[in-house]
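Me: I should like to learn how to read salt bridges and metal sites in a structure. Could we work through a case together?

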Amino acid sequence: MRDTFSVIFVVLILALGSCSVIAYRSRKSNSNSVALLVGSLIPPVIGNLIIVRSGAKELSLVGDYIYFIGMDLVIFALLRFTFEYCEIKWKNGAIKALVYLLLGADIVQYLLNPVFGQAFDNEAVTVDGFPYYRLVPYFGQTLHRVLDYSILAVVIIIFLVKSAKTSRFYSERYYVIMITMIALAFWQGFYIFSRTPIDRSMVGFGGIGLLVFYFSLYYRPLKLLDRMLANIASEMTEALFFFEASGRCIWANSTGTELAGIKEGEFETVPDNLFERFGDKYQSQDEFISRYIIGAGDDIKYYVLEKHSLLDEKKRLAGSFVSIRDYTEEQQKLKRKMFNATHDSLTGLYTREYLYERIHEVIMARQDTEYYIVYIDVRNFKIVNDIFSSEFGDSALQCIADWIKSWMSDECVYGRLVGASFGVCIPVEAFEPEIIEEKLSHFLVDNGSVGYHILIHLGVYKLVEREIEISLMFDRANLALSTIKDEYQTHIAYYNDEIRRKVLWDQHISTQLTDAISKRQVLPYLQPIVDKEGAVIGAEALARWIHPSDGFLAPGSFIPVFEKNGMIVEVDKYMWRCACEILSEWGKKNERLFISVNISPKDFYFIDVVEEIRRLTEEYSIEPARLRIEITETVMMTEAELRMKTLNKFREEGYAVEMDDFGSGYSSLNMLKDMPVDVLKIDMKFLSKSRDDEKARTILQNIINLSEDLGIASLTEGVETEDQYRMLREMGCEMFQGYYFAKPMPLEEFEEKYLD
Ligand code: C2E
Ligand code: CA
Ligand code: CA
């Protein structure tokens, strides 16, 4: 019997030791307290091993000490473990200290036993034929037992409360340990009272150690897991069907029963039902994922069907499950989203981006078909919106969209480009210009109460290069619009070589301007301005471009291009600088002539003109009166107040302001009195336009008289004959400019002719 228990104890020591080491090394949260508890169970077992093996009283006593002091350690470790395992915080430090104190006192008491003999002694009995030293407890041992059992009782109560409070999925991790502890307590109790030799309850220590080790570190609530998985499966929005290896359906979740149209428990009919709908592919052994589109029109349904097989350990088919997801709603949402992203919300036509995409696809796919790219533009749309309302504007756009749809065939692609412009890609033979012209000659938008004629123009570009950007094709179609002269008679214009050349020309000179200025290929030509006596009093600086490959360029071929794209600022700033340079040179020679420079309306948008001119005249030390500023009436068309201020600033600083091309535009004689100008430049060209010479003369006379009354000097330009010169002088005009005196000429020539 001694040998049997020796072996058992050694095995226990080894098992507990290994578990303790494993627990200590594990990274789990409570692994340290587990390691301590499991490890602390070893000394009592060692103590008992010594007692069992020993035949001598002294050695048995050593075993006793190890056993009892070890028990105090066990109790300490158990307490620590319990608090962690049951997630209880040591709230009261005093209680903790008291427990430590009591356990410490107990150990001290044992250590004093050899001296006072108050705790225990042992007596020999015979086991297996030789002496076994059995414990004889005294007062101290009783105290020890009371302490240990009390603490054990507290621990058991904690476990009891915890297992009662915890969900039943987890409670087994508490009550299993608790019941084992109770059993162990009784077992030990039995040993204490029966006083049988050999403490067999040590086996229970091993058991407790292993249980703690397992529950703390490896236990997973499988019941919970099962339950969770079952819940997930039944709550899933996907339909699930579980099949045996034979193909018999054994379970379906509620979505599944609904999809299969069966009642709970009628799983047998599922295979037929699925077969009917999804074909028999799902019955094959293979795993797969397939998409199904079932039905059509409004009843269309989208499904994705997945089949998975379950294999046993020997890789034999144990069963399978099929999941079916209805993604009709997602699909519809996606379609709606796609539609919204690709269609204009007002007209329902394609958006510009999508139109470009579609056109690209179509023209690439049908290389043999000839296409027109048509830019449809509503000319007076802003007026429609302003005069009526934006609702009327909206219905006008819808009306136009409907009209576009009406002449579109299947091969056409069309959409709304931006605002009131639409784009169409149409095969050449499907385009019927006569019918369109006819319709557009009286396009009426009528919303029931108001009817309004809408002016629509079509710019047409015939596709020759398919590789270029679609936006560029529409740009070309749009460019054709600019060639429409009589906008009420003609509604369709075609992009042609002339437009192409013009665009190329514009690009050509625009890219070269900066370089040309820096190389002084752009030059000021001077045209003299004379007084009544015919004496030259000044000159107008007019730009010329001596182009290295295109030759001599008059401003008509480049100024309008730069006015359109804003580069005119660059030309003008350069021309002003040139004028200042010339004036500065003349100043040194004591020349009193002035130079007039042109200021484009665009300059006012982009720069502070006054500031720029002031800077230049300061840099070249020029008297402001030497530099005259020519502006046109169009300058006053936008932000009139602001422009007036600018002109006044010029005048205050001493520059003379000239109103160029007076009479060519919108100005009226009436306007003149509010204009802060010093000189009125009247162009003969505008007057000679009128066939009636007499009438022209009257107008001219009136302008001159009026300007005289207002204290504004008059200058007539475009004077080509002596008769004109004489007549103007008689009318009271003060200054003259024109081919009759001289054409604009290079600086050197001007200086040679007119400077002393
Ligand atoms: P503009 O300012 O009205 O200049 C007068 C134009 O009339 C000049 O044309 C001049 O050569 C021309 N001209 C002068 N006398 C006669 C005449 O007796 N008969 C006829 N038929 N024409 C005459 P040019 O130099 O071709 O300039 C055309 C326009 O270009 C100018 O009209 C001006 O608006 C613009 N321009 C020229 N240089 C510049 C410049 O540096 N900056 C700006 N912004 N515009 C300029
Ligand atoms: Ca001018
Ligand atoms: Ca002029």
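Reply: We may start with Lys519, which is exposed at a relative accessible area of 53%; buried means under 20% relative accessible area, exposed over 50% and partly exposed in between, with a 1.4 Å probe and protein chains only. This is a predicted model, in which local features need pLDDT of at least 70, side-chain atom pairs count only at pLDDT 80 or more, and totals for chains, interfaces and linings use all residues. Residues are numbered from 1 along each chain as its sequence is written, chains are lettered from A and ligands numbered from 1 in the order in which they are written, and side-chain values use heavy atoms, leaving out hydrogens and water.

Me: Which side chain meets that of Lys519 in a salt bridge?

Reply: Side chains of opposite charge can pair when their charged atoms come close. A salt bridge is a side-chain nitrogen of Lys or Arg within 4 Å of a carboxyl oxygen of Asp or Glu. Here Lys519 pairs with Asp515 at 3.0 Å, N to O, and Asp515 is partly exposed, with 39% relative accessibility.

Me: How many salt bridges does a search of the whole structure find, and is Arg643 buried or exposed?

Reply: The search of the whole structure finds 36. Among them, Arg316 meets Asp312 at 3.0 Å, N to O, and Arg316 is partly exposed at 48% relative accessibility. Arg643 bridges to Glu639, with the closest N and O atoms 3.5 Å apart; Arg643 counts as buried because its relative accessibility is 4%. Salt bridges also link Glu540, Glu630, Lys681 and Glu717 in a network.

Me: Which residues coordinate the calcium ion (ligand 3)?

Reply: Donors are N, O and S atoms within 2.8 Å of the metal, or 3.2 Å for Na, K and Ca; water is not among the atoms, so sites may look incomplete. For the calcium ion (ligand 3), the coordinating atoms come from Asp660 (OD), Asp661 (OD) and Glu717 (OE, listed twice), at 2.0 to 3.0 Å. Along the chain these donors follow the spacing D-D-x55-E. The pair Asp660 and Glu717 links distant parts of the chain, 57 residues apart: Asp660 lies in strand E20 (residues 656-662) and Glu717 in strand E22 (residues 713-717). Strands (E, at least two residues) and helices (H or I, at least four) are DSSP runs, numbered from the N terminus. Both Asp660 and Glu717 are buried.

Me: Which residue coordinates both the calcium ion (ligand 3) and the calcium ion (ligand 2)?

Reply: Asp660 coordinates both, and the two ions are 4.0 Å apart.
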